[in-house]
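Reader: Please take a close look at one part of this model, the protein surface that faces the DNA. I would like contacts, cut-offs and composition in one connected account.

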2 protein chains.
Amino acid sequence: MELTERKKKILRAIVDCYIQTAEPVGSKAIAAMPGMDVSSATIRNEMADLTEMGYLEQPHTSAGRIPSPAGYRLYVNELMEGYRLSIDETQSLNEAMELKLQEFDKVMTQVGKMVSNWTNLPAYAVTSRVGQLPTVKHFEILSADTGSFILVVMTNTETVKNKLIKLPLNIQEQDLKLLSAVLNASLTDLSAEQITPEILSKIRKSAGAAADLVPIIVDYTVRVLQEQQHSDVYLTGQMKLLGQPEYRDVEKAQEVLSTLDEEVIANLPAPTDGPVQILVGPENIAKELKDTSVVMTRFDIGDGMQGMIGVVGPTRMDYAQVTARLSYFAEGLGRMFGKNELPPAKEPDGGTE
Amino acid sequence: MELTERKKKILRAIVDCYIQTAEPVGSKAIAAMPGMDVSSATIRNEMADLTEMGYLEQPHTSAGRIPSPAGYRLYVNELMEGYRLSIDETQSLNEAMELKLQEFDKVMTQVGKMVSNWTNLPAYAVTSRVGQLPTVKHFEILSADTGSFILVVMTNTETVKNKLIKLPLNIQEQDLKLLSAVLNASLTDLSAEQITPEILSKIRKSAGAAADLVPIIVDYTVRVLQEQQHSDVYLTGQMKLLGQPEYRDVEKAQEVLSTLDEEVIANLPAPTDGPVQILVGPENIAKELKDTSVVMTRFDIGDGMQGMIGVVGPTRMDYAQVTARLSYFAEGLGRMFGKNELPPAKEPDGGTE
DNA sequence: AATTAGCACTCAGGGATGACGAGTGCTAAA
DNA sequence: TTTAGCACTCGTCATCCCTGAGTGCTAATT
């Protein structure tokens, strides 16, 4: 059977309608829509065809139709109309993106919350490193108070971490100089695995008065490096799922959310084709997610740092809207972190070029 | 009417039982408990008395009794038996507390998650500063790559923050030295409000080659200071609430959780009397939380940094257990951050004293 | 005086029943 | 090819009744 233009039009109308109402849609409702110039009986016939072709399903003999996974797939691939962010929306999004403090993990949690609020669905953000193993690029040790030192570790992934070390040692400025020289000489360009106990004791021997600081520093350094390899998952707004009619049943919501824990999310297949990828129902990994879809998009913020943001929702979700908003966020992230930062130019004459 | 020992014993049994089952408890069930040497009829009489005295309630004429708020209050104040953490529990808790990276906000989210997992309830963690306004104690600027600088800001609250600044400027080592000298001279001991545009332009004038860095740095500094004043709220495990029978109704769970948003939590009255405070039902702020209790405890980790951790749950929650676990976490936090850190002493001969 | 057994009473919960209505498929007419 | 008409299906909702757990009261017992 052929998929005529009219069939497509009807299918789209059905999916659109179902997305709004979450209830099986009947022939009469479709016939009543503006732009539909045929009677409900005709629609019925077409719907019967679409059902036969596998794009629609019938929950029971005498209910309306709901889109099948294949129907959704067709919808997101061909039928869906792009959702245009309204001016209001872009404004609010822009305001929201002006994050207070640009620490990366805080930003990720913030972005997660925002995506979740904007889509009214649970959202996740995954960060991951690509490229070479993280290594140390540079150490710096500053003395703070008596017995307090600040260790600053820079890695090749352009991350800078610091730690305040409080130890009842009295060390001279020159000892710290020596210590950082030794550290830089011995540990630069090493990855976490390459830092062996032998190296540690070697450093310790040459560290002079600051020898007791060495184990702490090395320990911290290794942790920083290890943490760089990890990908972090931020999952927020789980409760939003309860707002969706298909998850009014607590059991179901719990099932979905316990299946989609941070572990699983971290291992979701990264989107490859196109900016936004949509996983519809059974295409997903676990069979518990049968009625669940995942929409996700990649972001890339340079320095070997990239990740995904996405949302989880019922198969019947407003793909167009969600897609538009997700992409907007991903772009925004790229804009925020990817480029070199320019001063806010609060003063007149702010030229840095 | 007098509250005899036997009445107390019965009340305790009722609350204990209700905590387990979440269902109204009848006289027969109590009479059957070990240690109860009277018949169900006697229990019934006592229960009638307790109801009259306001400690019990009857959902309807012919159901068992449930504790009233007053009953809970009496229970947590006098009747509750201390829950002893089992060795298994303390061990697991200890393991869990060995957090990977000791950045403070990560630790807080981690602690939130752990508390939530251990109590099976939504948990929150609130941090707050006490004492003087945050001011800058020390600046340090390190040059990283060509055109990359690391700004390290230390505040009087013993916090150290850093930021990687990428600007296409080529600045010599000595310029940075000058810059940090100027910054330290001009901004030390100032709070966020005291950093005026005048000061900014003064610094800028004296900063020499690095003048273009100044606005960024000052901007960041102000943000760091402002952030220090904020109290952060970490709320996790909201979904746990759905596991509790009284919140199987989605509406109710949503209501409670939307009432108890981060805003509200941040403004919960800080516990004053004793280590753990319990807010039972109507004692709480909003009437939506009628059937909800909050158990919270303070922690104090020195350096003017303190906060609360707590859980939210049905009025019928296992107060004894929750209390014990919360205190344990609070203690652990104090232990982790309060004391000076000693090296892990992986090498033999690790004496730092 | 306190405790207990017995009994009538109450009421929420759960299954059965039936009316209702939205939606369908089919047929015949346009 | 489209449409009107009609019989049929089946989920939803309201109603009803039954069951059982639990109570309060009274009278007997210790």
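**The DNA-facing surface**

Author: Near DNA strand D, H3 of chain A and H3 of chain B each supply at least two residues of the surface; helices (H or I, at least four residues) are DSSP runs numbered from the N terminus. The model is predicted, with local features needing pLDDT of at least 70 and side-chain atom pairs counting only at pLDDT 80 or more, while totals for chains, interfaces and linings use all residues. Residues are numbered from 1 along each chain as its sequence is written, chains are lettered from A and ligands numbered from 1 in the order in which they are written, and side-chain values use heavy atoms, with hydrogens and water left out.

H3(A) gives the largest share of the surface near strand D, 4 residues. A residue is near a strand if one of its heavy atoms lies within 4 Å of it. In total 21 residues surround DNA strand D, and Thr42(A), Thr61(A), Ser62(A), Ser27(B) and Arg65(B) are the closest. Of the strand D atoms within 4 Å of the protein, 70% belong to sugar or phosphate and the rest to bases.

The polar contacts (pairs of N or O atoms within 3.5 Å) reach both parts of strand D. The side chain of Arg6(A) has an N or O atom 3.0 Å from a phosphate oxygen of DNA strand D. On the bases, an N or O atom in the side chain of Arg44(A) lies 3.3 Å from a base oxygen of strand D, and one in the side chain of Arg44(B) lies 3.2 Å from a base nitrogen of strand D.

For DNA strand C, Arg44(A) has a side-chain N or O atom 3.2 Å from a base nitrogen.

Methods
A polar contact is a pair of N or O atoms within 3.5 Å; within protein, one must be able to donate a hydrogen and the other to accept it, and residues adjacent in sequence count only if both atoms are side-chain atoms.
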